[in-house]
Amino acid sequence: MSEMTSEKELNASPEKNIDKSAESDQQSELIDSVKKSDIPEENKNAIVQQMEMFYSGPLPAPSAFGQYEKVLPGAAERILQMAEQEQNHRHEMDNKQLHMCSRDSLIGILAGLGLGVVALVAGIVVALNVPNIGGTVLGGVFGVSGVGTIAVSIVKGTRSK
C-alpha cells in the first residue's frame with residue numbers, strides 16, 4: 001500500500017464492497033478520528049480496512065439491494081418475493097404444528113376418558129357379580145382407577161405446554 005491513501009480507500013474496503021453511504025454515523029466518526037490521529041499512515045489504513053459492517057436478517061442490507069439490482073435487473077424484487085414465500089411457509093408450518101398438538105391433546109383426553117369409563121364399568125360389573133367382600137373391594141379398585149384415569153387425562157390434556 002502506498003503512503004498516499006485516497007478518501008475512498010479509507011472509507012471503504014474494496015473486498016467488502018462497503019460504501020460511505022451505507023456506514024452508520026458511528027462508523028464515520030471512528031474513521032474521521034483515525035484519519036485525524038497521529039497514528040502512522042500505514043497503520044491508519046490497516047485500522048480502517050479492518051472495520052466491517054454486519055447486517056443480519058432474512059433480507060440483505062438495504063444498501064445491497066441497489067447492488068443486486070445493478071448486477072441482475074429484477075433481483076431485488078425476486079429477493080423480496082423469496083423472503084415473503086419463506087415467511088408464508090413458516091407460518092403454514094407453525095399452524096400445522098399447532099393443529100397437530102391440539103389434535104394429539106384431544107386424542108389423549110378421549111383415550112383417557114375411554115379407558116376410565118371402561119375401568120369404571122368393569123368395577124361396577126365386578127362389584128355386582130362377585131358375591132363376597134372381595135368383589136366389592138376389587139370393583140372399588142377398578143372404579144377408583146377409572147375415575148383417576150379420567151381426571152389425569154383431563155388435567156394433562158388441558159395443561160398448556
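**Figure 1. The whole chain, seen through its contacts and confidence.** Residues 24 or more positions apart account for 48% of the contacts with a separation of 6 or more in the protein chain. Keep in mind that this is a predicted model. The protein chain is built from six helices and zero strands, so from the N terminus on its elements simply read α-α-α-α-α-α. Of its 161 residues, 21% are buried. The chain exposes about 12100 Å², and carbon and sulfur atoms supply 62% of that area. The average pLDDT of the chain is 76, with 78% of the residues scoring at least 70.

**Figure 2. Zooming in on the N-terminal stretch.** Which helix has the lowest mean pLDDT among the elements of the chain? That would be α1 (residues 7-11), with a mean of 40, while α5 has the highest at 89. Over residues 1-23 the pLDDT is below 50. The model still gives this stretch 36 contacts beyond near neighbours in sequence. Go easy on the fine print here: where pLDDT is low, the predicted coordinates should not be read in detail.

**Figure 3. Ile-31 in helix α2.** Helix α2 covers residues 25-36, and Ile-31 is found in it. Is Ile-31 buried or exposed? Its relative accessibility is just 2%, so Ile-31 counts as buried. Lys-44 makes a handy landmark in this view: 13 residues separate Ile-31 and Lys-44 in sequence, and their C-alpha atoms are 9.0 Å apart in space.

**Figure 4. Helix α5 from end to end.** Helix α5 takes in residues 75-129. How do its ends compare with the expected span? At 1.5 Å a residue, its 55 residues should span 81 Å, and the end C-alpha atoms are 80 Å apart, which agrees. The buried residues of α5 include Ala-75, Ala-76 and Ile-79. Further along the helix, the buried set also includes Ser-105, Ile-109, Gly-112, Gly-116, Ala-119, Gly-123 and Val-126. What do these buried residues pack against? Their partners are α4 (62-71) and α6.

**Figure 5. Helix α6 and its buried glycines.** Helix α6 runs over residues 133-158. Its 26 residues should span 38 Å at 1.5 Å a residue, and its end C-alpha atoms are 38 Å apart, so the two values agree. Which residues of α6 are buried? Among them are the glycines Gly-135, Gly-139, Gly-143, Gly-146 and Gly-157, and Ile-150 and Ser-153 belong to the buried set too. The cover over the buried residues of α6 includes α5. For a spot to look at, try Leu-106 and Gly-157: they sit 51 residues apart in sequence, yet 6.9 Å apart in space, C-alpha to C-alpha.

**Figure 6. A nonpolar patch on the surface.** Which side chains make up the patch? Leu-106, Leu-110, Leu-113, Val-117, Val-121 and Val-125 form it, and together they have about 490 Å² of accessible area. Leu-106 lies in helix α5, and Leu-110 lies in α5 as well. With a relative accessibility of 49%, Leu-106 counts as partly exposed. Leu-110 is also partly exposed, with a relative accessible area of 49%.

**Figure 7. The salt bridge between Arg-90 and Glu-86.** The chain has two salt bridges, and this view shows the one where the side chains of Arg-90 and Glu-86 meet, at 3.0 Å from N to O. How are the two residues placed along the helix? They are four residues apart in helix α5, so about one helical turn separates them. Arg-90 has a relative accessible area of 53%, which means that Arg-90 is exposed. Glu-86 comes in at 36% relative accessibility, so Glu-86 counts as partly exposed.

**Figure 8. The salt bridge between Asp-104 and Arg-103.** Here the side chains of Asp-104 and Arg-103 meet in a salt bridge, again with an N to O distance of 3.0 Å. As a reminder, side chains of opposite charge can pair when their charged atoms come close. Where do the two residues fall, buried or exposed? Neither label fits: Asp-104 counts as partly exposed at 43% relative accessibility, and Arg-103 is partly exposed with a relative accessible area of 41%.

Terms used:
Residues are numbered from 1 along each chain as its sequence is written. Side-chain values use heavy atoms; hydrogens and water are left out. A salt bridge is a side-chain nitrogen of Lys or Arg within 4 Å of a carboxyl oxygen of Asp or Glu. Buried means under 20% relative accessible area, exposed over 50%, partly exposed in between (1.4 Å probe, protein chains only). Patches are made of residues with over 30% relative accessible area and no salt bridge: like charges are joined within 9 Å, nonpolar side chains (Val, Leu, Ile, Met, Phe, Trp, Tyr) within 5 Å. Accessible areas come from the Shrake-Rupley method with a 1.4 Å probe; for residues, only the protein chains shown count as cover. pLDDT is the predictor's confidence in each residue, from 0 to 100. Contact means heavy atoms within 4.5 Å. The expected span of a helix is 1.5 Å times one less than its number of residues.
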